Amino acid sequence: MIPSNPADRDVLAGEYVLGLLDAVAMADVEQALRTDADLARRVAFWEEQLLPASSALGKAEVDSAQWARIEQALATRRQALDRSTPPALTRSKSGMMRAAWRSPTLWRTTTGLASAAALVLAILLSRMSAPAESPTRYFAILQSRDTLGQESGPGWLIQIAQNGTVRSLPLVDVQPGSGRALQLWTLWDQARGPVSLGVLPPGGAIRLPPERLEAIGDGQLFEITLEPEAGSPIGRPTGRILFIGRAKGAATQAL
Amino acid sequence: MEPFDHASALKGCARQDPAALRRLYDREAGFLLAVALRIVRRRDVAVDVLHDAFLDIWERAGSFDSSRGTGRAWITSIVRYRALKYIRAASRETDIDAVTVAEIVDAAPDPFAALAASQDGVRLHGCLARLGADKRQVILLAYVDGLSQSEIAERLATPLGTVKAWVRRSLIALKDCLS
């Protein structure tokens with residue numbers, strides 16, 4: 001809950017900046033900051049006023065190879081962006097648009113539309129010989145996992161197209177429960193840890209734009225975890241793994 | 001140090017100009033690494049935090065609003081939140097004991113003393129000085145060292161409820177003093 005009293009809002013903003021909120025309260029503030037300009041100003045006040053205490057720490061020596069690593073990561077992202085033609089909605093290359101794609105609010109408001117659109121598209125595709133979609137490069141069949149961590153058969157299908165589009169197709173019905181959501185992750189670099197591909201809409205079926213996926217290869221791990229509604233507040237999985245599996249390159253043979 | 005226009009470098013990043021990110025990096029990487037290092041306490045992790053933070057800066061530069069604050073505060077916050085998220089997740093997994101935390105914190109330079117010597121820190125130093133030693137320490141252990149409230153409580157051998165009350169009172173007093 002975000003308080004309305006100015007003093008309480010200042011304290012909340014201050015606790016957020018100091019890093020003293022628990023994961024749930026922190027996620028609440030992050031969510032509120034997207035729309036609450038007053039709270040954002042109060043947060044910015046603390047960030048600005050406390051900055052000298054950070055500056056007073058001086059400088060640490062940076063390894064000269066570090067910039068090259070950043071540059072390489074940027075190049076990979078740009079390449080992912082330039083690959084093929086993404087669907088119209090994701091066409092914009094502006095940072096704002098991509099930032100907006102990460103916003104759970106937008107996700108929630110558009111997912112209804114998107115799943116309706118996907119349904120219509122699926123019907124259209126089955127009725128007419130539309131131009132072929134980008135061919136599938138990889139599949140990952142994720143196995144369901146019960147509360148004891150035992151695998152109990154295939155539960156989810158992840159399909160990665162040649163152009164990097166990721167499709168998430170549930171094979172079972174899952175209700176994450178109120179205030180909870182399913183979040184899709186992939187792991188290709190143990191050192192970096194799982195990277196979020198996004199919070200899944202109710203039902204779980206969605207097509208993700210190519211820029212979501214930074215890397216794909218044989219054996220790459222995909223998993224779906226149970227997270228707070230706005231997604232994991234810490235950028236890595238916090239809840240239990242519901243589905244897990246590895247990608248496998250599709251045979252190139254035509255039907 | 002020469003003046004540097006962080007806001008225009010961030011605008012450059014928003015226009016997808018890699019040279020703008022490079023300018024920010026050349027100017028601030030050493031300082032930002034020190035911020036991350038102080039919180040995560042491990043060089044290899046701090047290096048990863050810095051890496052991810054620069055990718056964040058690149059991607060989110062379009063949402064930077066110069067009417068709310070300076071570019072330098074904005075990028076520093078990105079690094080701090082990344083570092084804090086890492087340390088909170090790590091402490092849930094490994095449970096660093098209080099003694100280790102105390103040792104690490106004791107060995108690090110005192111930010112309050114450093115603030116007195118820094119040019120832009122005079123006002124914050126003055127306001128922190130008015131808080132009194134315990135409350136000041138709570139703020140700095142959280143902000144600079146990234147300790148959680150329960151870690152601070154253990155560190156200062158003070159009940160958690162007292163620490164929480166100190167945080168609240170200190171923030172209200174600081175807001176008043178700094179505004």
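This passage walks through one helix of chain A, its packing partner, the contact with chain B and one strand residue.

The model is predicted, so local features need pLDDT of at least 70 and side-chain atom pairs count only at pLDDT 80 or more, while totals for chains, interfaces and linings use all residues. Residues are numbered from 1 along each chain as its sequence is written, with chains lettered from A and ligands numbered from 1 in the order in which they are written.

Let's start with α1(A). Helices (H or I, at least four residues) and strands (E, at least two) are DSSP runs, numbered from the N terminus. α1(A) has 13 residues and reaches 18 Å from its first C-alpha to its last, close to the 18 Å expected at 1.5 Å a residue (the expected span being 1.5 Å times one less than the number of residues). Right after α1(A) comes G19(A), with a positive phi near 85 degrees. Buried residues of α1(A) include D10(A), L12(A), Y16(A) and L18(A); buried means 20 or more other C-beta atoms within 10 Å of a residue's own, exposed means 12 or fewer, and partly exposed is in between, with C-beta atoms placed from the backbone. The cover over the buried residues of α1(A) includes α2 and α3 of chain A, along with α8 and α10 of chain B.

Now for the packing. α1(A) and α3(A) pack at an angle of about 50 degrees, their axes 9 Å apart. Axes here are lines fitted to C-alpha atoms, for helices over the stretch in contact, and angles run from 0 to 180 degrees between N-to-C directions. That angle makes α1(A) oblique to α3(A); under 35 degrees counts as roughly parallel, over 145 as roughly antiparallel, 65 to 115 as roughly perpendicular and the rest as oblique. Among the residues making this contact (C-beta atoms, placed from the backbone, within 7 Å) are A13(A) and V17(A) of α1(A) and V43(A) and W46(A) of α3(A).

What about the other chain? In total, 42 residues of chain A are in contact with 54 residues of chain B. The largest share of chain A's side, 12 residues, comes from α3(A).

Finally, R145(A) sits in strand β1 of chain A. R145(A) is partly exposed, because 18 other C-beta atoms lie within 10 Å. Its C-alpha atom is separated by 5.7 Å from that of F243(A), although the two residues are 98 residues apart along the chain. Leaving aside neighbours within four places in sequence, the contacts of R145(A) include Q150(A), E151(A) and F243(A).

Notes:
Contact = placed C-beta atoms within 7 Å.
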